Amino acid sequence: MKICVVGAGYVGLVSAAILADWQHNVVCVDHNEQKIEDLLAGKLPIFEPGLQELVELNRRRQYLRFTAEMAEALRGCEMIIVAVGTPPAENGHPNLEDFWAVVKSFRENVGNNVIVMIKSTVPVGTGEAVSLYLNEKVSHTFSVVSAPEFLRQGTAVHDFLHPDRLVVGCMSPEIREQMKELFQPLDCPKVFTDWHSAEMIKYASNSFLALKISYINTIANLCEAVGGNIQDVAAAVGLDHRIGQAYLKPGVGFGGSCLAKDTQGLIAQGEVHGVNVWMFKDVLEVNYEQRVHIVQRLTEVLGNLKGRKIAVLGLAFKANTDDLRDAPSVTIIAQIIKLGGLVKVYDPVVDSSSLPDAISVSTADNPYTACQGVDAVIVLTEWEEFLDLDLKRLQKSMNAPVFIDGRYLFERKRLLEAGFFLPERPSSSEWPVVQSMISAR
Ligand code: UGA
């Protein structure tokens, strides 16, 4: 099949590379000329395990090519996959400007009987609106398919190839058969439904994941206040198969470009239609509070943050990505700096120059230098390499050994054995000890 993928972001690039791997003739187009230039030079715009190899292989085999020329990319294609970003707008709805600009270009540039597959996350009703718009002119027949993507950054290639389910919203039995054939390599339940349901499945899934994380963070805060080891609690609760272990990792809360944006998008759709959506507002509120909570704990244990040196291990919003969109680290570092703290950061993949200009930090090229002489260390991304750290060495090099594990990455016992103070409770007899260590500096 001759396929044009519009958008060279996480979803677009991964879809294009895998469809090319399945020996379709794929062209991936993006209006960002720099991105395309980089791709043509063999440089991927994102860090995503396994993707570079897949792209290189399929370019060599000539199943995959890149261009910034939309009209040329669309020429002769049988299917167009729309995978452009739909970032949040001020009003909570996604911004569909790029999405519609792309869709509008199809009427002028493609022939008859083209399938338009929507992979961008769009509000319920968009598939129908796209179909009405594209088929307005009698000379054209476009078949619109809503096929939301469920891949996660950091494991995108694996997730695309091994999804829990495939969701396809389409209105014609013939297109349904074509979609069955296209996705035949995927061994998973395949849900065929209407456009509206397919779009809602995406919002419902992301908001449920967000809800699970805010739920476990609320339980974690309760454990901290009343006693109880949240790691044991989460593991045991998750063993109930009706609940499941996934998305019960407590910590600094969710970041990234999707969970918060789509929960917000669901709230906005509920409000437009007069549906009570308060529970999702709480999910977002709890999530934001987790970031504030870290800074509060730090302030409590150190007395105040003026002139205090803080090491931050991990900037990315999650491990195995270089993405900083809505990363908890950005909010937390900004708050620490606002309160007078001095921040030194280390992340194995993210360059601190990607932080917003207003955030001034110093950068270390390994965790040990980051922690040298600091008053506290905070872990904000669950990079696996942190697990191999020599915690005793880290502890000894610090001015005051305060450890805030914002990801519950380490076993509590291991941190205590290394001699760290873990500021878990609002008031602890250890705080004056820590504060005297700092003043004795
Ligand atoms: C999310 C969904 O998981 C994907 O299914 C979806 O396709 C994607 O959004 C999207 O809409 O494009 P993603 O944002 O890449 O994927 O990352 P997740 O792995 O879901 O993690 C989101 C955030 O939640 C991260 O900050 C992560 O650290 C945090 N998280 C995750 C927790 O705090 N606890 C957990 O137990 C799990």
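This is a friendly dialogue about the ligand site, the cavities and a pocket in a predicted model.

Biologist: I am new to this structure. Where should I begin with the ligand: how many residues surround it, and which are the closest?

Modeller: Begin with the shell, meaning the residues with a heavy atom within 4 Å of the ligand. Here 22 residues surround the ligand, and Phe150, Lys202, Tyr247, Lys318 and Arg407 are the closest.

Biologist: What classes of residue make up the shell around the ligand?

Modeller: There are 10 nonpolar residues and 8 charged ones, with 4 polar residues completing the shell.

Biologist: Which parts of the chain does the shell around the ligand draw on?

Modeller: Domain 1 (2–193) and domain 2 (204–418) each give at least three residues to the shell. Among helices, α9 (195–226) and α11 (259–272) each supply at least two. The largest share comes from α9, with 4 residues.

Biologist: How do I read polar contacts, and which residues have an N or O atom beside an oxygen atom of the ligand?

Modeller: Look for pairs of N or O atoms within 3.5 Å. One such pair joins the side chain of lysine 318 to an oxygen atom of the ligand, at 2.7 Å. The backbone takes part too: an N or O atom of lysine 249 is 2.8 Å from a ligand oxygen, and for a backbone atom of glycine 255 the distance is 2.9 Å.

Biologist: And how much of the ligand's accessible area does the protein cover?

Modeller: On its own the ligand has 720 Å² of accessible area, and the protein covers 92% of that.

Biologist: Let us turn to empty space. What shows where it is left?

Modeller: The idea is to roll a probe the size of a water molecule over the atoms, which shows where space remains empty. In this structure there are 3 cavities of 30 Å³ or more.

Biologist: What volume does the largest cavity have, and which residues line it?

Modeller: The largest cavity holds about 100 Å³ of space. Its lining includes Lys119, Glu149, Phe150, Asp159 and Arg165. You have met Phe150 already, as one of the closest residues to the ligand. Both α7 (156–161) and β7 (166–169) supply at least two lining residues. By class, the lining has 7 nonpolar and 4 charged residues, and no polar ones.

Biologist: What about the second largest cavity: what is its volume, and which residues are closest to its centre?

Modeller: The volume of the second largest cavity is about 70 Å³. It is lined by 13 residues, with Gly251, Gln290, His293, Arg297 and Tyr408 closest to the centre. Two helices, α9 and α12 (278–302), each contribute at least two residues to this lining. The lining divides into 6 polar, 4 nonpolar and 3 charged residues.

Biologist: Pockets are open, unlike cavities. What lines the second largest pocket?

Modeller: The second largest pocket has a volume of about 300 Å³. Of its 19 lining residues, those nearest the centre are Ile230, Arg297, Tyr408, Arg412 and Glu424. Elements giving two or more residues are α9, α10 (230–238), β13 (402–405) and α16 (412–417). By class, this lining has 10 nonpolar, 6 charged and 3 polar residues.

Terms used. Residues are numbered from 1 along each chain as its sequence is written. This is a predicted model: local features need pLDDT of at least 70, side-chain atom pairs count only at pLDDT 80 or more; totals for chains, interfaces and linings use all residues. Side-chain values use heavy atoms; hydrogens and water are left out. A polar contact is a pair of N or O atoms within 3.5 Å; within protein, one must be able to donate a hydrogen and the other to accept it, and residues adjacent in sequence count only if both atoms are side-chain atoms. Accessible areas come from the Shrake-Rupley method with a 1.4 Å probe; for residues, only the protein chains shown count as cover. Ala, Val, Leu, Ile, Met, Phe, Trp, Tyr, Cys and Pro count as nonpolar, Asp, Glu, Lys and Arg as charged, and the others, Gly among them, as polar. Domain bounds come from an automatic or database domain assignment. On a 1 Å grid over the protein atoms alone, a cavity is a set of points where a 1.4 Å probe fits but cannot get out, and a pocket is an open set with protein on both sides within 12 Å along at least five of seven lines; lining residues have an atom within 4 Å of a point. Grid points are joined across faces, edges and corners, and a volume is the space filled by probe spheres set on the points.
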